[in-house]
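User: Could you take a close look at the largest pocket in this one? I'd like to know how big it is and what lines it.

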Amino acid sequence: MTLNLKQKRILELLSINCRFSNKDIGKAIGLSEDAVDYQINKLINEDKLSSFSVTFDYRFMGYTHYHAFIGLRELDFDIQKLKNIKSITSINSSYGKYDLQLIIAVKDKEELDTTLNELENILKIQNISVAEFDSFYKKFTNIISPISLHSKIPQNKKNKLYKLNERCHCDAKEILNIKLDNVDKKIIKELIKNPRIKFSDLSKKTKLNHETVRYRINGYADKKFIKNFGLLHDFSKYGLYTNYLLLKLRNVDTKLFENYLLNNESIFYSAKLIGEYNCIVYITSKNPEEFGGQLREIRNLLKDSIISMDLLHLEKIDKYVQFPEGLLD
């Protein structure tokens with residue numbers, strides 16, 4: 001799909017913070033509020049290039065996440081049973097050494113083992129590699145190369161949520177242990193359904209006081225419990241393909257690697273892991289030739305630091321949830 005300059009700017013700003021108002025987006029890019037509203041309805045609701053999202057930091061609730069890479073003996077299985085496992089927040093099918101990549105959010109190794117046992121009852125597993133998230137090489141970003149224009153960021157000092165305005169997801173300096181009460185759960189359930197919902201509408205849906213809703217959500221943002229209000233893109237509609245680079249590295253020049261990742265707009269996430277693979281890189285590309293060039297750059301950069309490397313090509317996303325499902329029951 002071909003996007004004009006104004007459409008790209010709207011998508012870029014919504015990717016940074018989808019709670020920027022239509023009026024403030026219009027001021028930043030030189031459009032009327034009504035024109036911005038029209039374009040958002042067209043791009044999101046009609047063309048479905050993207051969907052609104054809100055991302056929470058699971059670590060505040062004592063969770064960590066694991067990447068599970070699974071090769072199957074049999075490709076046919078009951079996908080609904082896999083989706084029903086509440087500790088699994090993401091299911092991606094892929095081509096390559098592994099047929100599935102799962103993201104598993106759990107509080108301890110016992111919960112992880114329970115999930116892995118559930119997988120064995122659903123899947124005919126040929127081989128599996130599980131790696132624990134350790135830290136970021138590059139924090140997740142919703143900014144993809146076709147819409148990256150470094151547009152002027154809207155300003156609104158009265159709206160505390162505008163502080164979430166980084167191109168990569170924010171990261172909390174301190175992880176605080178929090179417990180969600182019923183008020184939090186009501187708010188988060190509705191916020192996940194519609195991250196752009198107005199405080200007044202959220203108040204009506206939850207039957208909570210307007211100021212209570214505002215106070216709680218502002219608090220989530222202040223603590224960086226909310227990492228981002230943004231967009232989840234359908235990469236295929238931008239003419240992009242997604243590949244995962246699975247690496248075993250040693251003696252990495254971390255600063256050099258992180259600077260390369262940060263300045264590469266085709267890479268939207270990279271993490272340091274603990275396991276058979278200790279690094280994963282998510283890469284978008286327009287075609288195999290472009291991906292080949294990206295891969296060559298990374299190999300030349302890391303050189304002898306690479307012990308082993310595997311590639312996966314994303315086929316489709318079968319599940320993606322923005323919050324551990326069991327917490328909102």
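Analyst: Here's a walk through the largest pocket, with a glance at the second largest one afterwards. The model is predicted, so to speak of local features we ask for pLDDT of at least 70 and count side-chain atom pairs only at pLDDT 80 or more, while totals for chains, interfaces and linings use all residues. Residues are numbered from 1 along each chain as its sequence is written, and side-chain values use heavy atoms, with hydrogens and water left out.

The largest pocket holds about 1,200 Å³ of space. A pocket here is an open set of points on a 1 Å grid over the protein atoms alone, where a 1.4 Å probe fits, with protein on both sides within 12 Å along at least five of seven lines; lining residues have an atom within 4 Å of a point. The volume is the space filled by probe spheres set on the points, which are joined across faces, edges and corners.

Its lining runs to 45 residues, with S90, F140, L232, Y282 and Y320 nearest the centre. Strands (DSSP E runs of at least two residues, numbered from the N terminus) feature here: β1, β2, β3, β5, β6, β7, β8 and β10 each give at least two lining residues. Strand β10 (306–320) has the largest share, 6 residues. By class, the lining has 22 nonpolar, 16 polar and 7 charged residues, where Ala, Val, Leu, Ile, Met, Phe, Trp, Tyr, Cys and Pro count as nonpolar, Asp, Glu, Lys and Arg as charged, and the others, Gly among them, as polar.

As for the second largest pocket, its volume is about 410 Å³, and its lining splits into 5 nonpolar, 5 polar and 7 charged residues.

How values were computed
Helix = DSSP H or I, 4+ residues; strand = E, 2+ residues; numbered from the N terminus.
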